[in-house]
Amino acid sequence: MSALEAARAALAAEHAAVYGYGVVGGRIGAERRAEATAAYEAHRARRDGLRRTVRDLGGEPVAAAAGYELPFAVPDQAAAVRLAAVLEDRVAGVYSDLVRAAEGPLRRDAAAALREAAVRAVRWRGTDVTFPGLAERV
């Protein structure tokens, strides 16, 4: 996978995460709303940065879809917390691909994004995984 392909995949994942956090925000309790808002803003910032990265690599950024299929129904706060953890796991996975494909500053940025997603996933889930970003690939 080229750096451009991996950056496009990361951008698509960030679009999905922004959408997903919109759902999380609508179901999360007041005690975790600030955490959800911070994650939403972090994904928006990463998404915007990846748009520039894709252009800098000579590609055309993928547009956000009008909607995304959620992995499960999100009727309540507990499901919203689970969704947030899943979103972070998925984003970590695509950033692990970008770490492998990129070099220099882009690789460092991808590693930082992977780390941030893994930390957020732990906070949402309450437990960690052995190899963040690789769990879905095993």
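This is a conversation about how to read the helices, salt bridges and cores of a predicted model.

Colleague: Let's start with helix 4. What span should its 22 residues have?

Modeller: A helix has a fixed rise for each residue, so you can check its length with a little arithmetic. At 1.5 Å a residue, helix 4 (residues 104-125) should span 32 Å, and its end C-alpha atoms are 32 Å apart, which agrees. Try helix 3 too: its 25 residues should span 36 Å, and the end C-alpha atoms are 37 Å apart, which agrees.

Colleague: And what happens at the helix ends? Which residue caps the N-terminal end of helix 3?

Modeller: That's Asp76. Look for its side-chain oxygen, 3.4 Å from the backbone nitrogen of Ala78. For another end, go to Gly126, just after helix 4, where phi is positive at about 90°.

Colleague: Back to helix 4. Which of its residues are buried?

Modeller: Buried means under 20% relative accessible area. In helix 4 that covers Leu106, Ala110, Ala112, Ala113, Leu114, Ala117, Ala118, Arg120, Ala121 and Trp124.

Colleague: What covers those buried residues?

Modeller: The cover includes helix 1 (3-27), helix 2 (33-56) and helix 3 (77-101). Turn the model and you can pick each of them out.

Colleague: I spotted an arginine in your list. Is Arg120 buried or exposed?

Modeller: Buried: its relative accessibility is 14%, and the cut-off is under 20%. When you meet a charged residue like that, look at its partners. The side chain of Arg120 meets that of Glu88 in a salt bridge, 2.9 Å from N to O. Arg120 lies in helix 4 and Glu88 in helix 3, so the pair ties together parts that are 32 residues apart in sequence. Glu88 counts as buried as well, at 0% relative accessibility.

Colleague: What else does Arg120 touch?

Modeller: Leaving aside neighbours within four places in sequence, Arg120 is in contact with Ala39, Ala42, His43 and Glu88. With His43 there is also a polar contact between the side chains, at 3.4 Å.

Colleague: How many salt bridges does the structure hold?

Modeller: Eight. One of them is between the side chains of Arg46 and Glu116, at 2.9 Å from N to O. That pair links distant parts of the chain, with Arg46 in helix 2 and Glu116 in helix 4, 70 residues apart. Arg46 is partly exposed at 22% relative accessibility, and Glu116 is partly exposed at 30%.

Colleague: Where do I look for a salt bridge between neighbours in the sequence?

Modeller: Try Asp48 and Arg47, whose closest N and O atoms are 3.0 Å apart. Asp48 is partly exposed, with a relative accessible area of 27%, whereas Arg47 is buried at 13%.

Colleague: Fine, but what about the end of helix 4? Which residues does Arg125 contact beyond its sequence neighbours?

Modeller: Arg125, which sits in helix 4, is in contact with Ala85 and Asp89 once neighbours within four places are set aside. Its side chain makes a polar contact of 2.3 Å with that of Asp89. Arg125 is partly exposed, with a relative accessible area of 31%. You can also compare sequence and space here: Arg125 and Met1 are 124 residues apart in sequence and 30 Å apart in space, C-alpha to C-alpha.

Colleague: Now the nonpolar side. Which members of the largest nonpolar core touch the most other members?

Modeller: To read a core, follow which buried nonpolar side chains touch one another. Here the largest core has 22 residues, and Ala10, Leu50, Val91, Tyr95 and Leu98 touch the most other members. Helix 1, helix 2, helix 3 and helix 4 each supply at least two residues of this core. The largest share, eight residues, comes from helix 1.

Colleague: What does Leu98 touch?

Modeller: Outside its neighbours within four places in sequence, Leu98 is in contact with Ala3, Ala6, Ala7, Ala10, Leu50, Leu106 and Ala110. Then look for a second, separate core of 14 residues, which includes Ala80, Leu83, Ala85 and Leu87.

Conventions:
Residues numbered from 1 in each chain as written. Predicted model: local features only at pLDDT ≥ 70, side-chain atom pairs only at ≥ 80, totals over all residues. Heavy atoms only, no water. Helix = DSSP H or I, 4+ residues; strand = E, 2+ residues; numbered from the N terminus. Buried < 20%, exposed > 50% of the residue type's maximum accessible area, 1.4 Å probe, protein only. Contact = heavy atoms within 4.5 Å. Salt bridge = Lys/Arg side-chain N within 4 Å of Asp/Glu carboxyl O. Core = buried A, V, L, I, M, F, W, Y, C linked by side-chain atoms within 4.5 Å. Polar contact = N/O pair within 3.5 Å; in protein donor to acceptor, adjacent residues only side chain to side chain.
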